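Here is a short report for a reader new to this structure. Look through the sequence and the model first, then read on.

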Amino acid sequence: MAVAIKPEQLRAVALNAQEYRAIVQALGRDPNDLELGIFGALWSEHCAYKTSKALLRQLPTEGPNVLQGPGENAGAVDIGDGLAVVFKIESHNHPSAIEPYQGAATGVGGILRDVFAMGARPIAILDALRFGPLDSGRGRHLFQGVVAGIGGYGNCFGCPTVGGEVYFDEGYADNPIVNAMCVGLVRHERLRRASADRAGDVVLLVGADTGRDGIHGATFASVEMDERSGERRPAVQVGNPFLEKLLCEACLQLNDLDGVTAIQDLGAAGLTSAAGELAHRGRRGIDIDVDRVSRREIGMSAYHVMLSESQERMLVVLRPDAEASAREVFDHFELHADRIGTITGTGRMRVREHGMVVADLPLKALIDGVPLRSPAAAFAEKRPAPVMPMVEEPEAILLDLIGSPNLRSRRPIYRTYDHQVQDNTVIGPGFDAALLRVPATNKGLALTTDGNSRYVALDPYEGTRAAVAEAARNLVCTGARPIAVTNCLNFGNPERPLIFGQLQESVRGLADACRALELPIVSGNVSLYNETSERNIPPTPVIGMVGLLDDLSLRCPAGFRDDGDIVFLLGETREELAGSEYLRLLGAPLEGRPPIVSFEAERRLQAAMLDSIGRGVLRCAHDVSDGGLLIALSESALYGGRGLRCPGIAGPVSREAAYFGESQGRIVVSVAPRRVPELQKLMAKHHVPLQAIGVVGGEDLQIGSDIRISLETLRQAWETPF
Amino acid sequence: MKTGVVVFPGTWSDRDCAHAVLDVLQEPVRYIDHREQSVDGLELVILPGGFSYGDYLRCGAIARFAPVMAAVADFANRGGLVLGICNGFQILQEARLLPGALLRNASCEFRCEWVHLRVEQSNSAFTLDSRPGQVLRIPISHGEGNYFADAETLDAIERNGQVVFRYCGPDGRVTADANPNGSLHNIAGIANARGNVVGMMPHPERACEPLLGSDDGLAIFRSAIHALARVPA
């Protein structure tokens, strides 16, 4: 079949000739401009996962408590008492690189809609962020804009921002990472799936009017960037959190009405994607009359209306006899709703304008028909770890480390986020994991995001396994049992073999780690083409994880609590320094083997922790991660405002590795002296090695004869402003 | 205590306030829609935190024109108890039920953190249960809480004992370091002359359970219960 199309027309919608041929074959004719635009959006990497789909099939997505796995607006897991936790993480990297405030704000807006589309009330937001160094003007502009955008949206909407992470690395100077995770709660019987399975239902478009903003945002997120990407600013949308709140309250009320079939948010690829997915999930078709869509400006074509990514819009599908009661809800919230179409039995998406059919497409081809890409993979050669001089001045290094951008206190950031609204925040941001009360129960939900891209850069398989293990360990430190995972895979341009190799290995590590810990992945998102002018981001898988604590009174804090308590290190320290913050500080090249997780040891450690916390043995627990043991001890001291006397840390490894190595599977705990025998017995039972570190108390952090720093000095370094 | 919690479209502390009153204090509560024109039958009206109408303009500038505000003003003028929290405080000022203005935080940033408040007087309906000098630990969460008034007004409210709460250190000392937003005289909350209307930037409804970090906020709600018991309606 001849391809009757110009290359530049294809480039405009980011499709290739093979994909165009597949479209012609599915239609039996050439598509018109509108149809090609629709295919371009839905067959974009962002919407269709054409490069990652085959890899993602290896992920474990099932478990006894999973109520909804990937494929819906968000995943859902049973937490008992008839309740389900609904959550997902999603990227907004490309828009944030162009317009950081609105890019981040609408990232938060989009993930909130995903959760309330499922019928769940959003109860928490977390954000995983990566930026270039702050000493460049652009780095600071992006950092400040993104943080302000997250706060601006979440604070106004009324959902607490309770956690996340921020890291700085030269590799993100061009392309920042902005991943937003939202967690919600819903009663089982109210959990809603966005599937329009009844022909004859009417389709309402609710919320904001449709403008020209964000046209082809999904396509834009699926190509690499260059110096001219700033010209794409019109592809970035502008958020209105106030309107979003009204939409949320209205959707939650709508969710209680009889006759409502489906609620779907309009995100990437706008009306096209929302309508297509709704109808296709229900194995039906949809007719849309674009003349009925309220617009923000005159002169918009069907193309603009179908592909606009104007924010704060939802599609509601309902039985015709339910429309009046739905309109009462919208009227209460003074929301505008247009009846823009109907569900049909045709299996096709038909778009009408001025009474004429302007697009007529088979949904199966549109949603499921994209030819999957299988790019070539290549793997970086592994080089040995750099040899570095011995630590001469551990005290000075500790102060430099704890004051460095990746380890210093995040308080200047999270205090600009409302992290308490809704009255459920038991442990807020700044610790291993946030802990939220499940309203009207005695249960807690522990939430975290994790991902050390230095480890992943060194070894995508091991680094991704480590991210999963660390996220689980963070939850376990609060006393919560990990129950499910969401993930966001941020990578460079997959058409480059080394990048696709990273993705391939990372997904394999993710699958293996989740299987080893028996954790289902219930939702996720892939962001590729994080590339600017041939510079690619470091591979950045971000793991979002949710844990359940059955009794909040058992929760375990991260800071030292009482003078005289005995501090132990659980787990095994190995000679592992590659990828560490310590080596970064010394200016060493990023080489060598990252810390390796033993899942056998990890499972034993986590079981031992839950056993100990469940018996009330531990007074505090804190994961040993970036920066190593001395950073973990310093943080526990600073959190609790209590010093530590440690006679010295002996071990089979070098002093550098003992102090600053980042061996996985380790946790610092403290116990009351009289319960030490009990702790020893428990650790013996679970075969977890433990090492006595010292005694809580005093005004100093004291490590043998190497280190004696007052908490005040330590705090000053830790609170270095950004 | 028959409590009503006003709900503007962008209010988000409504459910937190209802939770504190109903679940913690076990007192009846109802929501008041912003379009309602009467608050009859209530003894306490709470204007909670949030972004009343999005507040893209000056916070509370639109909310003061909501139908419910005429009823709230009427209720206040008749001696009814009114507590404005955060956005509610901003709205009470826009409605001229309390003097002064709330500017953008001196840091130009939104701030959500625990602060300490020194109770300045125990004459208002919301401080009866506290003693002057008592320190309460309650969080703030706002971008525009920088209290300002002209010299004359400031002097008057100080002289009349209308300053109810000041930001302070844990030891009760009122210092510049303890001031999170640049408020004049570290003012965190004020009352009207009669003491039945109080506005405050901190969120007492977030400090009603030890599980959430403090129950110092209960003193404010309990004071209202006692004020009502003392003065028969």
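## Helices, a chain contact and a loop

Just after helix H19 of chain A, Glu518(A) takes a positive phi of about 55 degrees. The model is predicted. H19(A) itself covers residues 497–516, 20 residues in total. From its first C-alpha to its last, H19(A) reaches 28 Å, close to the 28 Å expected at 1.5 Å a residue.

Chain B offers a like case. Just after H2(B), Gly79(B) takes a positive phi of about 100 degrees. The table sets out the two residues.

| Residue | Place | Phi |
|---|---|---|
| Glu518(A) | just after H19(A) | about 55 degrees |
| Gly79(B) | just after H2(B) | about 100 degrees |

**The buried face of H2(B)**

Helix H2 of chain B runs over residues 67–77. Which of its residues are buried? They are Val68(B), Met69(B), Ala71(B), Val72(B), Phe75(B) and Ala76(B). Seen down the axis of H2(B), these buried residues fall within an arc of 160 degrees, so they line one face of the helix. An α-helix has 3.6 residues a turn, so residues three or four places apart point the same way. What covers the buried residues of H2(B) includes five strands of chain B: E1 (3–7), E2 (29–33), E3 (44–47), E4 (81–85) and E11 (197–200).

**Two packed helices in chain A**

Helix H21 (residues 599–614) and helix H24 (residues 676–685) of chain A pack at an angle of about 150 degrees. Their axes are 9 Å apart. The crossing of H21(A) and H24(A) is right-handed. H21(A) brings Ala608(A), Asp611(A) and Ser612(A) to the contact. H24(A) brings Leu679(A), Leu682(A) and Met683(A). By class, the contact has four nonpolar, one polar and one charged residues.

**Where the chains touch**

How many residues does each chain give to the contact? Chain A gives 21 residues and chain B gives 20 residues. On the side of chain A that touches chain B, helix H8 (137–157), helix H10 (241–254) and strand E14 (425–427) each supply at least two residues. The residues of that side divide into eight nonpolar, eight polar and five charged.

**A loop residue in chain B**

Asp215(B) sits in the loop between E11 and helix H5 (218–230) of chain B. Is Asp215(B) buried or partly exposed? Asp215(B) is partly exposed, with 16 other C-beta atoms within 10 Å. Leaving aside residues up to four places away in sequence, Asp215(B) touches Ala207(B), Cys208(B), Glu209(B) and Pro210(B). Pro204(B) is 11 residues from Asp215(B) in sequence and 8.4 Å from it in space, C-alpha to C-alpha.

How values were computed. Residues numbered from 1 in each chain as written. Chains lettered and ligands numbered in written order. Predicted model: local features only at pLDDT ≥ 70, side-chain atom pairs only at ≥ 80, totals over all residues. Buried ≥ 20, exposed ≤ 12 C-beta atoms within 10 Å, placed from the backbone. Helix = DSSP H or I, 4+ residues; strand = E, 2+ residues; numbered from the N terminus. Arc of directions from axis to C-beta. Contact = placed C-beta atoms within 7 Å. Nonpolar A, V, L, I, M, F, W, Y, C, P; charged D, E, K, R; others polar. Expected span 1.5 Å × (residues − 1). Axes fitted to C-alpha atoms, helices over the stretch in contact; angles between N-to-C directions. Left-handed = near helix turned anticlockwise from the far one by under 90°.
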